[in-house]
Amino acid sequence: MIRTILAATIALAALPAHAADSPAIDEVRLAWAACTEHLEAQPDNWMGWRRVHDGGYADLFEFWDQGADGYGPSVLKRTFLIDGIASETQTLCYRPDGSLAFAFAQMASPDMAEGAEGALTREGRIYVDPKGKVIRVLGKVVGEGFETTLDDESHQLARGCWDLDLAPTRDAVHTAYLAELGDIDGTKPTYTPTPFDWCSAVK
């Protein structure tokens, strides 16, 4: 199951286009394109962990960190397997200056409203300007041959919408990594998540 999730094309999905998008939105699109290009070119050049637990649970933290180089984007991809029935993948894209540009959240599960038949994916797209302001939030539920809104009660995922840790900078992601694994001396800094209820922010 982990291998299937890792092979999914969520990080390479094109951003939806809107008529007369602002320059700020176009800038985020360019940043996301650079992030996906980097993932394609360096798929295994990450640091972090892949932990599998009992009961169908797992958590993956994969960080493509170019902070030391400063010439390209950085990407954080977090994946959570839940009960063996649902999965949540969160991909965060950082500009070369370390600021967050875009976050893509996906939860996949069977359609519980259809007796656990059929597959559903809840998708969220969060656009962030260079100053850290969220400027657009999009969300939808995708099934086999259809798309619908998040509040469509005729289709239900196995789990509700998760808050997204909208870590504002590449440095914050690095702190989250060290808070879990420690530095070379075993020191673990304090990391405070930045929870963002993206489903409530969808317009």
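Leaving aside its neighbours within four places in sequence, which residues is Ile126 in contact with? Keep that in mind as you read; the reply comes in point 2. Please remember throughout that this is a predicted model.

1. **The main core.** A good place to start is the largest nonpolar core, which has 23 residues. Within this core, Phe61, Ile126 and Trp198 touch the most other members. Strands β2, β4, β5 (100-110) and β6 (119-128), together with helices α3 and α4, each supply at least two of the core's residues. Helix α3 gives the most, with five residues. As general background, nonpolar side chains in soluble globular proteins tend to be buried together.

2. **Ile126 and its surroundings.** Here is the reply to the opening question. Once neighbours within four places in sequence are set aside, Ile126 is in contact with Ala101, Phe102 and Ala103, with Val134, Arg136 and Val137, with Leu164 and Leu166, and with Phe196 and Trp198. Trp198 also appears beside Ile126 among the residues that touch the most other members of the largest core.

3. **A second core.** Apart from the largest core lies another, of 13 residues. Its members include Ala31, Trp32, Cys35 and Ala101. You will meet Trp32 and Cys35 again below, as both are among the buried residues of α2.

4. **Helix α2.** This helix has 19 residues, which at 1.5 Å a residue should span 27 Å, and its end C-alpha atoms are indeed 27 Å apart. Its buried residues are Ile25, Val28, Arg29, Ala31, Trp32, Cys35, Thr36, His38 and Leu39. If you look at what covers these buried residues, you will find β2, β3, β4, β5, β6 and β7 (134-143) included.

5. **Helix α3.** Twelve residues make up α3 (residues 170-181), and the helix reaches 17 Å from first C-alpha to last, close to the 16 Å expected at 1.5 Å a residue. Arg170, Ala172, Val173, Ala176, Tyr177 and Leu178 are its buried residues. They pack against β1 (47-53), β2 (57-64), β3 (74-82) and β4. Just after the helix, Gly182 takes a positive phi of about 85°.

6. **The disulfide between Cys35 and Cys93.** The model has two disulfides. One of them joins Cys35 to Cys93, with an S to S distance of 2.0 Å. Cys35 lies in helix α2 (residues 23-41) and Cys93 in strand β4 (residues 86-94), so this pair ties together parts that are 58 residues apart in sequence. The torsion about the S-S bond is about 80°, so the disulfide is right-handed. Cys35 is buried, at 0% relative accessibility, and Cys93 is buried at 0% as well.

7. **The disulfide between Cys161 and Cys199.** In this disulfide the sulfur atoms are 1.9 Å apart. Cys161 sits in the loop between β8 (146-148) and β9 (164-165), while Cys199 belongs to helix α4 (residues 198-201), so the bond ties together parts 38 residues apart in sequence. With a torsion of about 85° about its S-S bond, the disulfide of Cys161 and Cys199 is right-handed. Cys161 is partly exposed, with a relative accessible area of 30%, whereas Cys199 counts as buried at 18%. With bonded cysteines counted along the chain, the disulfides follow the pattern 1-2, 3-4.

8. **Aromatic pairs.** There are six aromatic pairs in the model. In one of them, the rings of Trp32 and Phe104 have centres 6.4 Å apart and planes at 80°, so the pair is edge-to-face. This pair links helix α2, which holds Trp32, to strand β5, which holds Phe104, across 72 residues. Both Trp32 and Phe104 are buried. Phe61 and Tyr177 form a tilted pair, 6.4 Å centre to centre with 35° between the planes. Phe61 is in strand β2 and Tyr177 in helix α3, so the pair ties together parts 116 residues apart in sequence. Phe61 is buried at a relative accessible area of 1%, and Tyr177 counts as buried at 16%.

9. **A ring cluster and a charge.** Ring pairs join Trp32, Phe102, Phe104 and Tyr127 into a cluster. Over the ring of Tyr127 sits the charged end of Arg136, 5.5 Å from the ring's centre. Arg136 is also one of the residues in contact with Ile126, which brings us back to the question at the top.

Technical notes
Residues numbered from 1 in each chain as written. Predicted model: local features only at pLDDT ≥ 70, side-chain atom pairs only at ≥ 80, totals over all residues. Heavy atoms only, no water. Disulfide = S-S within 2.5 Å. Helix = DSSP H or I, 4+ residues; strand = E, 2+ residues; numbered from the N terminus. Buried < 20%, exposed > 50% of the residue type's maximum accessible area, 1.4 Å probe, protein only. Expected span 1.5 Å × (residues − 1). Contact = heavy atoms within 4.5 Å. Core = buried A, V, L, I, M, F, W, Y, C linked by side-chain atoms within 4.5 Å. Phe/Tyr/Trp six-rings, centres within 6.5 Å; stacked < 30°, edge-to-face > 60°. Lys NZ or Arg CZ within 6 Å of the ring centre and 35° of its normal.
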